[in-house]
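Dear colleague,

Please find the structure below, handed over for your own work. My notes on what was found in it follow directly after.

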Amino acid sequence: MTRKGPDSDIDESRLEVTHSKDHAAGVPAVLVSLQRAVEQMGTMRTAKTLTRLNQRHGFDCPGCAWPETPGHRKPAEFCENGAKAVAEEATLRTVTPEFFAAHSVAELADRTDYWLGQQGRLTHPMVLREGATHYSPIGWGEAYRLIADELRSLTTPDEAVFYTSGRTSNETAFLYQLMIRSFGTNNLPDCSNMCHESSGSALSESIGIGKGSVTVPDLEFADLILIAGQNPGTNHPRMLSTLEAAKGNGAKIIAINPLPEAGLLRFKDPQKVGGVIGRGVDIADEFLQIRLGGDMALFQGLGRLLFEADDAAPGTVVDRDFVEQHCAGFDDYERQVRGVDLDTVLEATGLTMTQLVDTAAALVRSERTIACWAMGLTQQAHGVATIQEITNLLLMRGMMGKPGAGVCPVRGHSNVQGDRTMGIWEKMPDHFLDALDREFSITSPRTHGWDTVDAIRGMRDGKARVFMAMGGNFLRATPDTEATEDALRRCSLTVQVSTKLNRSHVVTGRTAVILPTLGRTDKDVQASGKQLVSVEDSMSMVHLSRGNLTPVSEHLRSEVAIVCDLAQELLGRDHSVPWAAFTADYDRIRDSISRVVPGCENYNERVRQPDGFQLPHPPRDRREFPTHTGKANFAANPLQWVPTPPGRLILQTLRSHDQYNTTIYGLDDRYRGVKGGRRVIFVSAADLAEQGLTDGAAVDIVSEWTGADGSLEERRVTDFRVVEYDTPRGNAAAYYPETNPLVPLDHVAAKSNTPVSKAVVVRLEPVGSN
């Protein structure tokens, strides 16, 4: 199972599988963090970065968006994967013009994602000219002219696509969308489209705002926390400290997930004696090992049991005052869930009636309930409806707009929520666009643009000719890899604003440009002096980030400068937006944000408070619900779930512990017992026996999808090792981006258009069987 290519970098035949772990963090997390940091940055640079990571006068982690506890920060306010993220960005390794001269694009395309990421920081702007085999250096001015000329040559601005990752600062995001709307399009896909768009769609309909309603102190005050479709031990490790505090205050935690995750079993905080020499803290009191796609059935079944409990003791379960004062649609919801068949719920979930009844009883007893979830729910075909069902349970109990209660979508990338607040959305409301137009004397387009899936379709169908990405690794973040590759290659120009080399640099349009940028850790000095940027965490706290490292190359430019310089070339030096002034002084950008973005008044003053400021949230703050009814809306959804076809499995894609989003830090998944490789698929012992496979067998994974015309489509990834694992019968799991090719582009969630990466029908074929 060796990955072939020049100086092949991964030999999957050396992959080792041992037992999965029953706890997260502890001393090994500290040792791995320091080892990776020193390997990439050296001792002095490691000390200079990690001591400032997530500190008030330091920089915000470029990894996840989990917030700091207000007023209380630990000396080491980071986790293992946060340290890995910093090491990746602040590495001393560099990718220079000499590197590109030595490696053709074809050769780079034959390398693995891990190898590409390990080469280091990009140092110079580069261009791949039409017909060329290698990237070559290009001056910044010429690069801007090339991009602007291509954009101006389009028949309509809607032939361009402008993507955004979650790493950009608020200032960059605001200017990026301003440039794009000044140009004349709303084609602003972003990484939210693939992750938490289902959360935003569901919550906007239910409570009127697509963001979570709780804070860290709320979680610590809750007496019941439901955690569904999430793996905090790997994806949001600092969340475990918050859950530990909640447990200390008496909270009950129920984990709802197909896989047993180490972080939800036991947490060993390495900053406490008990986490070093002790056993640590058990996190989940109950583990509901649910089948993929069965979450909606679970929450509807719980709704029925809550109504029956209220029948037995009228007025003690349903918060009638809250429902009558603040909610709409309750009667339709009640009729729907009272009619739910509990036998169907048990079949769909794979749970027992005892587990269902006990969970309902916990909801009845709780006075302060919070529901947390992540992509395990959002990337289901009925993800929007599932999240509405969670919200329904909370609303019927009055768990909104009170301390210790509410909804908590746990978002991923560090500023993905801030990007949306700043206008990175293809469907921004008119009141935002009106304010933008007043501030800058422009006319923003009102026709909605493309999200990520529609952007891929647009490029594939020849409706878009230019693709530009502000950060991220678009090719590896998206579904249906072959279709996405084909879409990008059909473009006349692809542009990547990046810190490091990735797969999106080697699958290009006819011409391709790489613009190297400063990272979150880098010092940013402009005409007015050292600059600060701001970000928004997943709980709506906006705070400053101050990079302090000397950039690895004098040719790097900040994202703000890149946007402003390109905008001047594209829109003209006499454009009504003061682009040059914005580059010189980021306070000028924040002054404009304060007049355009709701909740950001007096931005410069408030963001300089010790912990920044929190954006308003009407349901949380005042029990006001800015929906079409003016109230919180119950949703009455027909029950949907995902049965497993005979002889097939339902696959979910997920991260290893040694990666964050598309960035591969290493080849080990310590918590799941995988070492030295990534091409594995986790399958239950019962399914292995039924399919005549053994643990360790080599298989191809083939996904099956019925197309719009009724024909069966198949997609294949080859040479994976089967790993016997504790997962529900009929379900399987494997890492992305290796399995992204299996996810059909048209397999999307209703309403949100999010790719369905948690319900892919697959069959396993032993290698050599064809």
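Please bear in mind throughout that this is a predicted model. I begin with a pair of packed helices. Helix H24, residues 452-460, packs with helix H26, residues 481-489, at an angle of about 55°, and their axes are 7 Å apart. That angle makes H24 oblique to H26, since the band counted as roughly perpendicular runs from 65 to 115 degrees and the roughly parallel one lies under 35. The crossing in which H24 passes H26 is left-handed. On the H24 side, the contact is made by Ile456, Met459 and Arg460; H26 contributes Ala483, Thr484, Asp486, Ala487 and Leu488. Sorted by class, this contact has 5 nonpolar, 1 polar and 2 charged residues.

A further helix pair involves H23 and helix H29, the latter spanning residues 586-596. Their axes come within 9 Å and cross at roughly 135°. That makes H23 oblique to H29 as well, because an angle has to be over 145 degrees to count as roughly antiparallel. In this case the crossing is right-handed, with H23 passing H29. Phe432, Ala435, Leu436, Glu439 and Phe440 of H23 make the contact with Ser592, Arg595 and Val596 of H29. By class, the contact of H23 with H29 has 5 nonpolar, 1 polar and 2 charged residues.

The loop between H23 and H24 holds serine 441. Its backbone deserves a note: phi of serine 441 is near 55°, which is a positive value in a residue other than glycine.

Another backbone feature concerns a proline. Tyrosine 736 and proline 737 are joined by a cis peptide bond, with omega at about 10°. Proline 737 lies in the loop between strand S33 (731-735) and strand S34 (760-766).

I turn next to the open and enclosed spaces. The volume of the largest pocket is about 1,000 Å³. Its lining consists of 34 residues, of which Ser204, Gly208, Ile209, Gly210 and Trp425 are the closest to the centre. Three helices give two or more residues to this lining: H9 (197-206), H22 (416-421) and H23 (430-440). Of the elements, H9 provides the largest share, with 5 residues. H23 therefore appears both in the lining of the largest pocket and in the packing against H29 described above. In terms of class, the pocket lining has 12 nonpolar, 13 polar and 9 charged residues.

As for enclosed spaces, a search of the whole structure finds 5 cavities of 30 Å³ or more. Among them is the second largest cavity, with a volume of about 240 Å³. Which residues lie nearest the centre of the second largest cavity? They are Leu518, Gly519, Arg520, Asp524 and Val533, out of the 18 residues that line this cavity. By class, its lining has 4 nonpolar, 9 polar and 5 charged residues.

With kind regards

Terms used: Residues are numbered from 1 along each chain as its sequence is written. This is a predicted model: local features need pLDDT of at least 70, side-chain atom pairs count only at pLDDT 80 or more; totals for chains, interfaces and linings use all residues. Side-chain values use heavy atoms; hydrogens and water are left out. On a 1 Å grid over the protein atoms alone, a cavity is a set of points where a 1.4 Å probe fits but cannot get out, and a pocket is an open set with protein on both sides within 12 Å along at least five of seven lines; lining residues have an atom within 4 Å of a point. Grid points are joined across faces, edges and corners, and a volume is the space filled by probe spheres set on the points. Helices (H or I, at least four residues) and strands (E, at least two) are DSSP runs, numbered from the N terminus. Ala, Val, Leu, Ile, Met, Phe, Trp, Tyr, Cys and Pro count as nonpolar, Asp, Glu, Lys and Arg as charged, and the others, Gly among them, as polar. Axes are lines fitted to C-alpha atoms, for helices over the stretch in contact, and angles run from 0 to 180 degrees between N-to-C directions. A crossing is left-handed if the near helix is turned anticlockwise from the far one by less than a right angle, and right-handed if clockwise. Contact means heavy atoms within 4.5 Å.
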